[in-house]
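Visitor: Hi, do you have a moment to go through this model with me? I'd like to hop from spot to spot.
Guide: Happy to, let's pull it up.

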Amino acid sequence: MLTRLRSLEQLMPFATAGELLAKKGRPLIAISSGATVLGALHLMQREDVGFLPVLDEGKLAGVLSERDVARGGMLEQRVFVREIMTKRIHTVAPEAEVSDCAKLMRRERIRHLPVVSGERVLGVLSVRDLMGSLIERHERLLKGRP
């Protein structure tokens, strides 16, 4: 028996966080809380990223953004990542839909979102990643191609 499609979501579902990470194809770049702020800044420059998950013994302990480095490291002259990292962390599971990730990022006023399975950080999605996915979906919709 055929099932009738009743919504746009059934016809053209949103991508998931895990699918976006797989599409990025970039390995996780992270730092430990005991690293120096200068070391973190060098890592960000070398890897061309503005955000790092902070992992201690493989577990997510915090996150570090360029803003954290500018304000805590430079303005307050803190030395270690643990002194300036953000500890209030928002994460999503790989099954989370892009639309839900975007809503969370907007509500919490964040630009990066770690994707976590259990206690393992799989990667990080940025606002740019989500916007790209939403634009691609919109273009497919306009062209009539699911």
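Visitor: What sort of phi does Asp48 take, just after H3?
Guide: A positive one, of about 55°. Bear in mind that this is a predicted model.

Visitor: And H3 itself, which of its residues are buried?
Guide: Val37, Ala40, Leu43 and Met44 are the buried residues of H3. Looking down the helix axis, they fall within an arc of 120°, so they line one face of H3.

Visitor: Which exposed residues are on the face turned away from that?
Guide: That face of H3 carries Leu38, Gln45 and Arg46, which are exposed.

Visitor: What does the buried side pack against?
Guide: The buried residues of H3 pack against strands E1 and E2 and helices H4 and H5.

Visitor: Let's talk cores. Which residues touch the most other members in the largest nonpolar one?
Guide: Ile31, Leu52, Leu64 and Val81 do, in a core of 15 residues. Helix H3 (37-47), strand E1 (51-56) and helix H5 (81-84) are the elements that each give two or more residues to this core. H3 gives the most, with four.

Visitor: Is there another core apart from that one, and how many residues are in it?
Guide: Another core of 13 residues lies apart from it, and its members include Ala17, Leu21, Leu113 and Leu125.

Visitor: Back to Leu64: what is it in contact with, leaving aside neighbours within four places in sequence?
Guide: Its contacts include Ala40 and Met44, along with Leu52, Val54, Val81 and Ile84.

Visitor: New topic. Ser33, buried or exposed?
Guide: Buried, because its relative accessibility is 10% and the cut-off for buried is under 20%. Ser33 lies in the loop between helix H2 (17-24) and H3. Beyond neighbours within four places in sequence, Ser33 is in contact with residues including Asp56, Phe80, Arg82 and Met85.

Visitor: Where does the charged end of Arg82 sit?
Guide: Over the ring of Phe80, 4.7 Å from its centre. Arg137 lies over the face of Phe14, at 3.7 Å from the ring centre.

Visitor: How many aromatic pairs are there?
Guide: Zero in this structure.

Visitor: Last stop, E3 and E4. How many bridges join them, and do they run parallel or antiparallel?
Guide: Six bridges join E3 (residues 112-117) to E4 (residues 120-126), and the strands run antiparallel. Ser117 has Arg120 in E4 as its bridge partner.

Visitor: What's in the turn of that hairpin?
Guide: Two residues lie between E3 and E4, and Gly118 in the turn has a positive phi of about 65°.

Technical notes:
Residues are numbered from 1 along each chain as its sequence is written. This is a predicted model: local features need pLDDT of at least 70, side-chain atom pairs count only at pLDDT 80 or more; totals for chains, interfaces and linings use all residues. Side-chain values use heavy atoms; hydrogens and water are left out. A nonpolar core is a set of buried Ala, Val, Leu, Ile, Met, Phe, Trp, Tyr and Cys residues joined through side-chain atoms within 4.5 Å. Buried means under 20% relative accessible area, exposed over 50%, partly exposed in between (1.4 Å probe, protein chains only). Contact means heavy atoms within 4.5 Å. Two strands pair if DSSP finds at least two bridges between them. Rings of Phe, Tyr and Trp (its six-membered ring) pair if their centres lie within 6.5 Å; planes under 30 degrees apart count as stacked, over 60 as edge-to-face and the rest as tilted. A charge sits over a ring if NZ of Lys or CZ of Arg is within 6 Å of the ring centre and within 35 degrees of the ring normal. The arc is that of the directions from the helix axis to the C-beta atoms.
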